Amino acid sequence: MDSIGDESIGVREHRFEKYGAEGLIASSVDFGWSGLSAELRAHGRGVITKSTMPETEVCVAICPSDSVVTRLIGGVVDRALAERGTIWLSPAGSKEVHVDIAAPLPQMLHMYLPARHFAAESLGIDVGYSAPESLRYQRSFQDPLVAEIAFAIVSEMRTQTAGGRLLAETLAVSLAARLAHSHSGLSPDKDLEQLSHHGLDRRRLAGVREYIDANLEGGNLTIARLAKVASLSQFHFARAFKAAVGKSPHQYVSGHRLEHAKVLLRRGDQSLLDIAVALNFSSQANFTRAFRKGTGMTPGQYRRGHGELYAKEQPGRLAKDRRRTAR
């Protein structure tokens with residue numbers, strides 16, 4: 001591939017049209033994520049020219065490569081070896097960027113963050129909407145936390161989990177916080193470290209748990225919504241919840257979704273596809289993979305083994321449910 005043009009791949013709302021369809025390995029478009037767009041791509045040698053970006057773009061090399069990447073942005077030339085974990089940051093509003101790739105890049109993750117992730121409501125600090133503009137253009141750099149976020153996103157794109165949407169949103173908040181903290185011109189008095197490390201108090205935690213239990217089916221379990229229930233910023237909520245529960249919001253919701261899936265499977269009145277849709281999976285196949293990963297068996301195997309026990313306990317109800325399903 002000598003160059004990458006502006007061919008649309010039908011996802012303009014995610015700002016991916018400028019790379020074209022060639023080399024696309026995986027995209028977040030099919031997962032229903034909110035607040036973070038991501039693409040995993042293979043880039044051939046050649047030149048990429050990008051115009052002004054409305055969102056902050058973070059590119060991370062996922063696999064090691066012997067390719068030298070030369071980037072020209074804002075009159076600054078940066079040349080770097082695309083080692084695993086190498087990061088390139090393009091703040092929102094960056095002028096035209098030229099990227100020259102000397103040799104093929106097998107896996108590059110492109111992440112896009114909207115301005116709202118840098119607002120006070122998300123970060124929990126009085127930054128208004130100045131944070132995106134305060135992000136500094138930097139030469140390629142290494143940041144272990146940003147790299148781990150990228151690797152986690154790639155893992156979720158490859159194998160969807162029960163709480164994948166919530167995981168992506170939490171990682172987006174963490175990524176924005178890291179960029180605002182370490183790669184912006186915010187003054188020290190606006191440092192994110194001013195946030196409390198204490199867990200949620202009992203009242204707030206009870207409210208969040210009740211909300212999660214009531215919304216395991218459907219699409220209302222977003223990090224923004226949970227933070228609003230707890231009356232905290234999104235970044236503060238994610239840290240406070242883990243401090244209180246010992247699990248991230250994503251891990252907690254994933255576990256509860258799988259337990260709820262078991263209940264639905266034992267009940268036997270819904271197809272596997274209906275259960276997958278109800279629990280917000282993008283497909284039955286992804287539901288099966290997540291269920292097997294969490295329980296060691298497929299949903300069908302679990303239903304066959306535990307449905308018999310349920311039938312013995314409630315034979316009349318199960319027979320009625322099966323007749324309804326057959327219709």
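Strand β10 supplies the largest share of the lining of the largest cavity, three residues. The model is a predicted one. The space in this cavity comes to about 160 Å³. Its lining consists of 14 residues. Nearest the cavity centre lie C59, V69, V99, M108 and H110. Several strands contribute to the wall. At least two lining residues each come from β4 (46-50), β6 (68-73), β8, β9 (97-101) and β10. In total, the structure contains three cavities of 30 Å³ or more. Rolling a probe the size of a water molecule over the atoms reveals where empty space remains.

Strand β10 (105-113) also takes part in the packing of helix α3. The buried residues of α3 pack against this strand and against β2 (24-27), β3 (37-43), β5 (56-61) and β8 (86-90). One helix, α4 (164-182), is also among the packing partners. The buried residues of α3 are V146, A147, I149, A150, F151, I153, V154, E156 and M157. The glutamate E156 is thus listed as buried, as are the valines V146 and V154.

The length of α3 was checked against its residue count. Helix α3 covers residues 144-158, 15 residues in all. At 1.5 Å a residue, the expected span is 21 Å, because the rise is multiplied by one less than the number of residues. The end C-alpha atoms of α3 are 21 Å apart, which agrees with the expected span. At the start of the helix, D143 makes a polar contact with L145. A side-chain oxygen of D143 comes to within 3.0 Å of the backbone nitrogen of L145.

A further site was examined between two later helices. Residue S248 sits in the loop that joins α7 (234-245) to α8 (249-267). Its relative accessible area is 15%. The cut-off for burial is under 20%, so S248 counts as buried. Leaving aside residues up to four places away in sequence, S248 touches F241 and K242. Both F241 and K242 fall within the range of α7.

At the level of the whole chain, twelve helices and eleven strands are present. The chain has 327 residues, and buried residues make up 50% of them. Contacts with a separation of 6 or more were also examined. Of these, 71% join residues 24 or more positions apart. The protein chain exposes about 15,000 Å². Carbon and sulfur atoms supply 50% of this exposed area.

Methods
Residues are numbered from 1 along each chain as its sequence is written. This is a predicted model: local features need pLDDT of at least 70, side-chain atom pairs count only at pLDDT 80 or more; totals for chains, interfaces and linings use all residues. Side-chain values use heavy atoms; hydrogens and water are left out. Helices (H or I, at least four residues) and strands (E, at least two) are DSSP runs, numbered from the N terminus. Buried means under 20% relative accessible area, exposed over 50%, partly exposed in between (1.4 Å probe, protein chains only). Contact means heavy atoms within 4.5 Å. Accessible areas come from the Shrake-Rupley method with a 1.4 Å probe; for residues, only the protein chains shown count as cover. A polar contact is a pair of N or O atoms within 3.5 Å; within protein, one must be able to donate a hydrogen and the other to accept it, and residues adjacent in sequence count only if both atoms are side-chain atoms. On a 1 Å grid over the protein atoms alone, a cavity is a set of points where a 1.4 Å probe fits but cannot get out, and a pocket is an open set with protein on both sides within 12 Å along at least five of seven lines; lining residues have an atom within 4 Å of a point. Grid points are joined across faces, edges and corners, and a volume is the space filled by probe spheres set on the points.
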